[in-house]
Amino acid sequence: GGRRPPPHRPARAAAPPSRASSPSAPSSEAKRRRAAGRRPAMSVSCGLECVLCVGCVRWMWKRLTYIGAYDSETWPPASPDDFEPVPRICQIIMAVSDDLDNPKLMPATRGYTQIDGAGVHKRTTYDEVGTACPPYIVYVDRRRNEVVLAVRGLNLVRNADYKVLMDNKLGMQMFDGGYVHHGLLKAAQFILERETETLRELLRQQGPDCKLIFAGHSLGSGIAALMTVLVVNNRKAFGNIPRSHIRCYALAPARCMSLNLAVKYADVIYSIVLQDDFLPRTPTPLEYIFGSIFCLPCLLFLFCLRDTFKQDKKKFKDPRRLYAPGRMYHIVERKFCSCARYPPEVRTAIPVEGRFEHIVLSCSTTADHGIIWIERESALALEVRALVTACEP
């Protein structure tokens with residue numbers, strides 16, 4: 001009846017020494033010291049990330065809230081007499097590549113109401129001008145006693161127009177104490193060599209009070225502006241025409257001359273910019289802009305980012321930098337945080353410290369470059385101005 005002895009159990013093997021007790025393993029005190037050493041580095045990196053995020057948000061806010069109207073907010077309103085020819089000039093430029101009787105560019109309900117088909121003296125084609133320049137038109141406005149030479153804008157599917165733009169480098173062409181775009185100057189010289197005799201004869205027929213008007217859109221605006229400069233400096237070849245009888249209308253102007261020349265010829269060259277148009281604001285050479293036209297939004301965004309870190313004073317100090325020519329006319333039709341179009345107003349000035357230096361990131365950046373919109377909004381601006389004048393006591 002006694003108890004049986006417990007069964008025999010084999011002794012357990014001794015447990016291996018723990019890592020904590022291993023002489024090679026770090027102690028808990030060493031871990032705490034190492035973690036404490038990493039905290040300052042982590043704090044610095046987090047602080048830098050916060051600063052970078054705040055800077056990016058601030059940059060995006062300033063860029064996305066910047067509108068084209070800010071460029072001319074201190075400018076006075078333009079005189080209707082000086083701006084009155086703009087809608088008509090737009091129609092003459094569109095007539096270079098359009099049929100006046102069956103218009104495709106102008107709405108059928110409006111048509112070319114301000115020009116007469118009988119006044120078209122000469123209209124060239126791509127076959128006639130080759131790769132030297134875009135096509136142009138010579139138009140005689142007998143009612144207003146004007147001879148107009150208008151050059152069409154860039155044709156995106158024609159390589160010859162790109163070659164004109166590519167023929168330039170920063171500081172490549174000096175002219176009249178400043179710098180101009182080399183390819184556009186060659187195109188201007190080509191047209192004048194062909195048409196000087198024609199223009200001189202038309203001016204003689206129209207009499208001594210006849211005015212000589214040059215006009216162009218986009219690519220053609222730079223050519224027209226440089227033709228004006230050439231004619232002003234060689235007035236004897238055009239029957240000693242007075243400087244006051246020479247005028248140029250550059251629509252959606254390309255940057256084609258240095259700032260000193262842009263100011264010097266402000267009495268004869270008028271540049272018209274619609275709200276957010278990208279071309280007059282693009283501070284890069286034209287050859288890069290149109291070479292990347294199919295990824296233009298990305299390109300404009302990169303330019304905005306680059307200009308953020310570049311001071312305006314450094315940009316203005318470079319005498320080779322090109323600008324939009326002459327006196328500036330800015331058509332303003334949209335307000336902050338609004339895509340709606342308001343009754344347009346026209347402001348004017350002769351800026352002497354840069355002009356349209358900030359690219360506007362908006363949905364209308366490329367649409368405002370179209371000559372159809374410029375024609376429509378300039379005509380509306382004149383109508384609004386006339387109504388305001390009529391309502392004034």
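**Exercise 1. Work out how strand β9 (residues 269–274) pairs with β11, and over how many bridges.**

Solution. Start with the terms: strands (E, at least two residues) and helices (H or I, at least four) are DSSP runs, numbered from the N terminus. Two strands pair if DSSP finds at least two bridges between them. For β9 and β11 there are five bridges, and the sense is parallel. One facing pair is Tyr270, which stands opposite Arg327 in β11.

A word on the model before going on: it is predicted, so local features need pLDDT of at least 70 and side-chain atom pairs count only at pLDDT 80 or more, while totals for chains, interfaces and linings use all residues. Residues are numbered from 1 along each chain as its sequence is written, and side-chain values use heavy atoms, with hydrogens and water left out.

**Exercise 2. Find the sense in which β11 (residues 327–332) and β12 run, and name residues that face each other.**

Solution. Step one: β11 and β12 are joined by five bridges and run antiparallel. Step two: look across the pair, where Ile331 stands opposite Val346 in β12, and Met328 has Ala349 of β12 as its bridge partner.

Step three: check how covered the strands are. Here buried means under 20% relative accessible area, exposed over 50%, and partly exposed in between (1.4 Å probe, protein chains only). In β11, five of the six residues are buried, so the strand is mostly covered. β12 (residues 345–349) has four of its five residues buried, so the rest of the structure largely encloses this strand. A reminder for reading such strands: in a regular strand the side chains alternate between the two faces of the sheet.

**Exercise 3. Test whether the span of helix α12 (residues 371–391) agrees with its number of residues.**

Solution. The expected span of a helix is 1.5 Å times one less than its number of residues. With 21 residues, α12 should span 30 Å; the end C-alpha atoms are 30 Å apart, which agrees. Next, list the buried residues of α12: Ile371, Ile374, Glu375, Glu377, Ser378, Ala379 and Ala381.

Now follow Ile371 to a partner far along the chain. Pro87 and Ile371 are 284 residues apart in sequence, but their C-alpha atoms are 9.8 Å apart in space. Pro87 belongs to helix α3 (residues 86–94) and is buried, at 2% relative accessible area.

**Exercise 4. Decide how many disulfides the model holds, looking at Cys248 and Cys256.**

Solution. In general, a disulfide is a covalent bond between the sulfur atoms of two cysteines. The rule used here is a pair of cysteine sulfur atoms within 2.5 Å. For Cys248, the closest cysteine sulfur is that of Cys256, 8.3 Å away, which is too far for a bond. Cys256 likewise has Cys248 as its closest, at 8.3 Å. The count is therefore zero disulfides by this rule. Cys248 is buried at 0% relative accessibility, and Cys256 is buried at 0% too.

**Exercise 5. Compare the record's "transmembrane region" spans with the model.**

Solution. The unreviewed UniProt entry gives this annotation to residues 212–234, 246–266 and 286–305. UniProt positions are in the numbering used here, feature names are shortened, and annotations may be inferred rather than shown by experiment. In the model, residues 212–234 are 61% helix and 26% strand, with end C-alpha atoms 13 Å apart. For residues 246–266 the figures are 29% helix and 38% strand, with the ends 12 Å apart.

Gly220 sits in helix α7 (residues 219–232) and is buried at 0% relative accessibility. Gly220 and Ala250 are 30 residues apart in sequence and 8.0 Å apart in space, C-alpha to C-alpha.

**Exercise 6. Locate Ala252 and Gln275, and state the sign of phi for each.**

Solution. Most residues other than glycine have a negative phi. Ala252 has a positive phi, near 50 degrees, and lies in the loop between β7 (246–251) and β8 (257–258). Gln275 has a positive phi of about 40 degrees and is found in the loop between β9 and α9 (286–291). Both turn out buried: Ala252 at 0% relative accessibility, Gln275 at 1%.
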